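Visitor: Hey, can you walk me through this one? I'm new to reading structures, so plain words please.

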Amino acid sequence: MSLGNLLSGPPAIVAAGVDVFSEALRAQGADVHDVDWRPPGFGDPADLAALALDARRAAANRTAVERLLAAGSVLVDVRPAREVIGLTDRVLLHSGPPLTWEAASGPMRGALVGACLFEGWAADVEEAEILLSTGAVALDPCHHHRTVGPMAGVTSPSMWMWCLEDPVTGGQAFCNLNEGLGKVLRMGAFNEEVQTRLRWMRDVLGPVLSTAVRGSIDAGNDPLDVKGVLAQMLQMGDEGHNRNRAGSLMALRELSPAIVASGAPSSDIADVLRFIGGNEHFFLNLGMPTAKLALDAARNVPGSTMLTVMSRNGTEFGIQTAGTGDRWFTGPANTPVGLFLGDFGPDDANPDIGDSAIMETYGVGGFAMAAAPAIVRFVGGTVPDALATTERMYQLTLTENPAMAIPIMGFRGSPTGIDVLKVARTGWLPQINTGMAGRIAGTGQVGAGLVQPPQQCFEQALAALAEEARTA
């Protein structure tokens with residue numbers, strides 16, 4: 001057929017991928033032929049075989065999944081990091097796998113410098129950089145302390161922490177308080193505006209929240225069921241990572257009476273309520289430790305191929321699995337693709353950063369995009385993309401989380417329990433919704449978008465799990 005005659009008759013379409021595309025075309029009367037095609041898998045065939053034939057795997061994954069699904073999350077306290085996790089002076093926590101100052105990216109360096117200034121360890125940027133470059137301030141991952149932090153995740157001893165507890169296992173997880181959007185420490189900004197806000201959070205916000213949370217519990221009220229709020233969010237248009245509007249408003253509703261009754265000066269109460277009400281991501285720092293609690297409950301299950309951590313430090317992306325404990329598998333972090341603020345563009349974005357991929361590891365965020373089609377207006381893509389992404393993630397996971405139901409999918413539970421073996425077999429990588437920090441320290445947020453882990457992480461995990469299978 002000549003090029004001129006190509007469109008002389010009805011088109012015949014070959015479709016590969018999720019059914020939503022071919023069904024939409026058929027609804028328009030098109031002749032569609034479905035092809036069962038997917039990206040090629042990866043990994044050494046011998047490793048894949050060893051893992052697939054591991055007699056422990058099915059039972060181990062059932063155990064890991066049961067622990068993940070059973071875990072709860074309630075808010076029990078708000079306390080400074082030095083009290084709840086024993087964070088000492090001259091130690092800073094950061095997001096992602098272990099990191100040195102020399103390898104730190106711009107936004108991570110900016111957040112570390114800003115924390116040194118906030119704590120009073122340095123009088124200026126130059127002095128802070130000397131402390132960090134000489135090792136006078138130690139760095140350690142948040143995940144090593146049952147803690148998670150969005151973006152740079154930098155946590156210092158004086159920062160107040162949400163203290164969450166799993167009523168099933170008694171496990172605990174922690175996260176600092178969310179600063180809002182724009183020029184904030186977690187995005188690598190550290191100017192006087194950032195420092196003023198951090199001091200107010202230390203001197204006013206933290207103490208008021210602490211009194212409110214403890215006062216409510218001491219008065220005989222049940223602690224805030226954070227897992228319950230997260231479940232409701234998915235039915236109200238949030239996906240729990242880059243969209244937290246409903247969750248933040250529900251948290252404000254639940255906390256407001258105790259905040260008003262805290263006994264703080266009326267001006268402080270007004271400022272706290274105004275701050276929470278104007279911060280659409282306020283709930284993110286409650287959702288993240290909720291996911292951390294569930295995934296920590298599934299740790300250390302020999303033979304399990306389920307992920308317990310996905311995290312990035314702005315330089316490297318790292319994962320951990322239930323079957324390999326605290327061992328990190330790392331690769332270079334990819335740069336998100338998405339929408340930019342103002343005049344910023346792709347050249348301004350830093351590679352992927354933050355512990356907030358714990359939400360996708362739990363099965364929400366990018367895995368639950370179908371619950372929040374409006375998210376595409378913030379991270380890019382289309383509504384069909386959001387639906388198709390969730391459909392695809394079911395192919396990478398071990399179960400569906402009935403607590404995290406997705407209305408548009410008939411209240412099907414979100415895809416939960418990322419399986420290293422399924423990722424390797426399909427060649428598909430987990431989808432993450434994320435914010436984007438500027439490459440240059442001090443810039444702050446430049447946009448939001450979508451990103452995937454490097455395949456290298458899963459190749460390493462696959463080989464390690466296969467070796468464990470051979471020696472079991």
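Visitor: Okay, which domains does the assignment give?
Guide: The domain assignment lists domain 1 (1–37), domain 2 (58–68 + 300–471) and domain 3 (72–287). Keep in mind that this is a predicted model.

Visitor: How many Å separate the centres of domain 1 and domain 3?
Guide: Taken over C-alpha atoms, those two centres are 50 Å apart.

Visitor: Let's zoom in. Where is A231?
Guide: You'll find A231 in helix 8, which covers residues 226–233.

Visitor: And is A231 buried or exposed?
Guide: Buried. The cut-off for that is under 20% relative accessible area, and A231 counts as buried because its relative accessibility is 14%.

Visitor: Which residues does A231 touch?
Guide: Leaving out residues up to four places away in sequence, A231 touches A403 and M404.

Visitor: What about E467, how many Å from A231?
Guide: Their C-alpha atoms are separated by 37 Å, and A231 and E467 sit 236 residues apart along the chain.

Visitor: New topic: strands. How many residues of strand 6 are buried?
Guide: Strand 6 runs over residues 160–165, and 5 of its 6 residues are buried, so call it mostly covered.

Visitor: What does strand 6 pair with?
Guide: One partner is strand 3 (residues 74–80), joined to strand 6 by 6 bridges, with the two running antiparallel. Strand 7 (residues 172–176) also pairs with strand 6 in the antiparallel sense, over 5 bridges.

Visitor: Can you give me a residue to look at there?
Guide: Try L164. In strand 6, L164 is the bridge partner of L75, and L164 also stands opposite A173 in strand 7.

Visitor: How many residues lie between strand 6 and strand 7?
Guide: There are 6 residues between them, and the two strands form a hairpin. In the turn, G170 has a positive phi of about 80°.

Visitor: Cool. Now the open sheet: what's the strand order?
Guide: The order is 11-10-9-13, which makes 4 strands with antiparallel pairing. Strand 11 (329–332) and strand 13 (353–354) are the edge strands, each pairing on one side only.

Visitor: So which strand does strand 13 join, and by how many bridges?
Guide: Strand 13 is joined to strand 9 (residues 307–313) by 2 bridges, and the pair runs antiparallel.

Visitor: And which residue stands opposite I353?
Guide: That's N313, standing opposite I353 in strand 13.

Notes
Residues numbered from 1 in each chain as written. Predicted model: local features only at pLDDT ≥ 70, side-chain atom pairs only at ≥ 80, totals over all residues. Heavy atoms only, no water. Buried < 20%, exposed > 50% of the residue type's maximum accessible area, 1.4 Å probe, protein only. Contact = heavy atoms within 4.5 Å. Domains from an automatic or database assignment. Pairing = 2+ DSSP bridges.
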